[in-house]
Amino acid sequence: MAESIFVQVASYRDPQLIPTLHSLIRQAARPDRLRVVVCWQHGLDEMIGMFFAHGFSHWQVVKYGGLTVHRLMFAEATLELIDVPAMESQGACWARHLIQQQYAGEAYTLQIDSHHRFVQGWDRLAIDMLESLRDESEKPVLTAYLPAFEPADDDPSRRGQHPTFLMFDRFVAAGALLVAARRIPEWEAQAKPVKARFYSAHFAFVDGHFSTTVQHDPAYFFHGEEISIGVRAFTHGYDLYHPHRVLAWHEYTRDYRAKMWDDHTPENQALGLVKTVWFERDRLSQERNRALLGVDGVSAASIDFGPYGLGQVRTLAEYEAYAGVSFARRAATPEALRGDLPAAGAAHPETSPARLRCSHDVAVELYLGDLDGLSRLKHIAFTVLAADGEALHDELQSANGFTRRIAEHNGWLSRRLIFQSGANRTPVRYVARFVDADDITAHELVRDVPPYSSPTSP
């Protein structure tokens, strides 16, 4: 199966699925070497006939292991749709895990989302990039947050042409590390992919055996997926790299499609349409992620991760040194915060804790329905305090349109205060001052910072 590619696509009620498949296959240099497996989590309005109407043919239906799989062809590529009604989904990582069970020994694998566009010959380019790294890595992984595209604009010349790298962004309240993308500096001068600290779940190209060695944990939900796979890959001996040329584009807004957290709600659970609400899956997933990575010093001793644990080639501490992060402190080094390329032999962050910046994500939840004078407000001033009263963070929120937004949310104000502080400075409470046009504080509310914030949509 020389140069065959096992393409993994998790799709949830996404009208961009078929255009993504068209681009993936049509833009490939060798579509005959593509085997595309989609976890097709579809709504009642999505039928298999949509694929026939868009040029897919040679339909077969097979059943095995309790699954219904539709087999189709398009331009010599093989497509397999794992049929999952959307209300029966158990999350993105569960869907990716389901796909990985279909791996059949292909030479390479590509994991993507269902909202992409591809450059011409992307498959040849990706293979050449990966193979160019064999002199320095036995098991390289190409991964990136791709430049963006707009579904309504199909002109590639108006899409981003700059390859990107991933840098530390923050730890969310529940403990998952999130990353952000920036342009690779002087990328035109790069002859090969550049080393990466972090992993992207929406674009990863690697040897096919990755599908079995670093399988997705089906108990994960959404946040935590990327950092857990990145760490597990590293500890299994894989090396992370960013492509030095653009191979594809990704749609980021999600505005046009339904998400699982729109469907798997308490209301639909009460109607018997879903078994478990999304935020309960998220809570359990985040607990698992904190234990796997030791976030806040949580121990993994009580959890059997089975095949979804860390590898034995490198340690978690070695990953922290490489990436410049401390999971126990929710912190990052100056190098990681700047987005410097990872350096071989870097010391573990805990050797110089004073250099670390701790990441905080404070959830503000205030009921304002019984407060008067809100229509006269100028702004709300938030201050986050440490136990000794030191102000760790100040932030202003304009009151423009404030009363309308509060009315739309039944009197509640919800906001996230995201910031960094020095090591060992933990936020314990926040103050919200409601300031009127005369700069007089009309109301002041003080609340404790919850140790684990209420779930919010990812």
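The largest cavity in this predicted model has a volume of about 60 Å³. It belongs to a set of four cavities of 30 Å³ or more that turn up when the whole structure is searched. Its walls are built from Ala-144, Tyr-145, Leu-146 and Pro-147, then Pro-163 and Thr-164, and finally Pro-243, Arg-245, Val-246, Leu-247 and Ala-248. Sorted by class, that lining comes out as nine nonpolar residues, with one polar and one charged residue making up the rest.

Some of these lining residues show up again around Phe-203. This residue sits in strand β12, which covers residues 203-207. Leaving aside residues up to four places away in sequence, Phe-203 touches Ala-144, Leu-146, Pro-243 and Leu-247 among others, and those four also line the largest cavity. The rest of the contact list for Phe-203 is Leu-110, Gln-111, Ile-112, Leu-142 and Thr-143. Phe-203 counts as buried because its relative accessibility is 1%, and the cut-off for that label is under 20%. Met-47, on the other hand, is 156 residues away from Phe-203 along the chain, and the C-alpha atoms of the two are separated by 27 Å.

Turning to the open sites, the second largest pocket has a volume of about 410 Å³. It is lined by 19 residues, and the ones closest to its centre are Asp-296, Arg-330, His-360, Thr-426 and Pro-427. Strand β17, running over residues 357-367, supplies the largest share of this lining, with five residues. The class breakdown of the pocket lining is nine nonpolar, five polar and five charged residues. For anyone setting the two sites side by side, the lining of the largest cavity has one charged residue, whereas that of the second largest pocket has five.

As for the chain as a whole, it holds twelve helices and 22 strands. The C-alpha trace spans about 70 × 55 × 50 Å along its principal axes. The radius of gyration is 23 Å, which agrees with the value near 23 Å for a compact globule of 458 residues. Buried residues account for 55% of the 458 residues. Counting contacts with a separation of 6 or more, 73% are between residues 24 or more positions apart. The accessible surface adds up to about 19,700 Å², and carbon and sulfur atoms own 52% of it.

How values were computed
Residues numbered from 1 in each chain as written. Predicted model: local features only at pLDDT ≥ 70, side-chain atom pairs only at ≥ 80, totals over all residues. Heavy atoms only, no water. 1 Å grid on protein atoms, 1.4 Å probe; cavity = no way out; pocket = protein on both sides within 12 Å on 5 of 7 lines; lining within 4 Å. Points joined across faces, edges and corners; volume = space filled by probe spheres on them. Nonpolar A, V, L, I, M, F, W, Y, C, P; charged D, E, K, R; others polar. Helix = DSSP H or I, 4+ residues; strand = E, 2+ residues; numbered from the N terminus. Buried < 20%, exposed > 50% of the residue type's maximum accessible area, 1.4 Å probe, protein only. Contact = heavy atoms within 4.5 Å. Rg over C-alpha atoms; globule rule 2.2 N^0.38 Å. Areas by Shrake-Rupley, 256 points an atom, 1.4 Å probe, with all protein chains shown as cover.
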